[in-house]
Amino acid sequence: MYSYLEFEKPIADLEGQILELKKIAESGEGAVDVADEIARLEKRSHEALVEAYRKLTPWQKAMVARHPDRPHCVDFVDALFTEFTPLAGDRKFAEDQAIMAGFARYQGTPVAVIGQEKGHDTRTRLKHNFGMARPEGYRKAVRIMELADRFGLPVITLVDTAGAYPGIGAEERGQAEAIARSTEKCLNLSVPIVSVIVGEGGSGGAIAIATANKVYMLEHAIYSVISPEAGASILWRDATRAKDVATAMKITAQDLVDLKIIDGIIPEPLGGAHRDTAAVMAETDTYLKKAMSALGEKDGETLRRERREKFLAIGRNI
């Protein structure tokens, strides 16, 4: 059984009935054949799922992007890369578990991989601080990018964070400066950098590793300067108006590709990435291969210039 979101309640009811009937069929307790009823309910469930996901609101997409069963950075690393070797620490203060970073092979080619990991249960969410990195996480990312640049290795980043950690300690250790340095390093790389927003792309915490030559989003991911709840709290001092902010901020992949902020949308299976993780990995792999092939033909100066021009152009025609 899946974890169902608020707007998926009709689907949850139907799939619950299907599960009960399948248990009866397996136990042999039923006096009648329930196969026809199961088929009928499965058809209704599929139709309800299609209808629900055909017209998702921005707020509902935010809920899907935050789904607890959605594949995270570690899942993408396991599925798409081989020989992943994580590196720890920023060589200044400490190790930050919210950002995974290291080297691996993608389609046999050595690459640097940097991603934000939220965790999938209480223990791992606490370990990874719910994907909210402290300054040392971004300084670790800069260290990995410097190594990649030195050895001519492409960089692939996987973005999934509500934002950088806003704690007092993080601010005392230079959170804003660390994010700025990471963004600057992305802009200055002479190697290809490709970014995929797999869940939430929140604020400077996302852009710090997403200032890339190519930026893709999963179909139901979100990307914004601030979370809908925080935006509502600032604008109206009322976090319950997050739905209004989500719509106004244009946080969906469909809005952002129209605004030319991202380069493409990676399709998700019906019902979201958590319903068919293998399909999502295959689609992501397709987009990554295409981007890496195209960018690999360009020299370092061209990559740097195009990356800078891409981000300087954002907002000019809005």
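1. Two strands are taken as paired if DSSP finds at least two bridges between them, and strands here (E, at least two residues) and helices (H or I, at least four) are DSSP runs numbered from the N terminus. On that footing, β1 and β2 run antiparallel and are joined by 3 bridges. Within this pair, Pro86 stands opposite Gly102 in β2.

2. A word on the ground rules before going on. This is a predicted model, in which local features need pLDDT of at least 70 and side-chain atom pairs count only at pLDDT 80 or more, while totals for chains, interfaces and linings use all residues. Residues are numbered from 1 along each chain as its sequence is written, and side-chain values use heavy atoms, with hydrogens and water left out.

3. Please look next at the other neighbour of β2. Strand β3 (residues 109-116) runs antiparallel to β2, with 8 bridges joining the two; one residue pair to find is Arg105 opposite Pro110 in β3. The two strands form a hairpin with 2 residues between them. In that turn sits Gln107, whose phi is near 55°, a positive value in a residue other than glycine.

4. How enclosed is β2? Buried here means under 20% relative accessible area, exposed means over 50%, and partly exposed lies in between (1.4 Å probe, protein chains only). Because 6 of the 8 residues of β2 are buried, this strand is largely enclosed by the rest of the structure.

5. Moving along, β3 and β4 are joined by 4 bridges and run parallel, with Gly115 standing opposite Leu158 in β4. Strand β4 (residues 155-161) is mostly covered, as 7 of its 7 residues are buried. Val155, Thr157, Val159 and Thr161 point one way from β4, while Ile156, Leu158 and Asp160 point the other way. On to β5: this strand pairs with β4 in the parallel sense over 6 bridges, and Thr157 has Ser195 in β5 as its bridge partner.

6. Now the nonpolar core, meaning a set of buried Ala, Val, Leu, Ile, Met, Phe, Trp, Tyr and Cys residues joined through side-chain atoms within 4.5 Å. The largest one holds 61 residues, and those touching the most other members are Phe76, Phe81, Ile114, Val155, Met217, Tyr223 and Ile262. Helix α13 (residues 277-295) brings the largest share, 6 residues. A second, separate core has 16 residues, including Phe7, Trp59, Ala62 and Ile222. As background, nonpolar side chains in soluble globular proteins tend to be buried together.

7. Ile114 is a handy residue to centre your view on. Leaving aside residues up to four places away in sequence, its contacts (heavy atoms within 4.5 Å) include Ile99, Met100 and Ala101 as well as Val155, Ile156, Thr157 and Leu158. Ile209 is also among the residues that Ile114 touches.

8. For empty space, a 1 Å grid over the protein atoms alone is used: a cavity is a set of points where a 1.4 Å probe fits but cannot get out, a pocket is an open set with protein on both sides within 12 Å along at least five of seven lines, and lining residues have an atom within 4 Å of a point. Grid points are joined across faces, edges and corners, and a volume is the space filled by probe spheres set on the points.

9. The largest pocket contains about 280 Å³ of space. Its lining includes Ser203, Ile207, Tyr223, Ser224, Lys250 and Phe311, and α9 (203-210) and β7 (222-224) each supply at least two residues. With Ala, Val, Leu, Ile, Met, Phe, Trp, Tyr, Cys and Pro counted as nonpolar, Asp, Glu, Lys and Arg as charged, and the others, Gly among them, as polar, this lining divides into 9 nonpolar, 2 polar and 1 charged.

10. What is the volume of the second largest pocket? The value is about 230 Å³. Of its 17 lining residues, Pro86, Gln97, Met100, Lys127 and His128 are the closest to its centre. The strand β2 gives the most to this lining, with 3 residues, and the lining divides into 8 nonpolar, 5 polar and 4 charged.

11. The count comes to 1 cavity of 30 Å³ or more, and the largest cavity holds about 40 Å³. Among the residues lining this cavity are Thr161, Glu200, Ile222 and Ser224, and β5 gives the most, with 3 residues.
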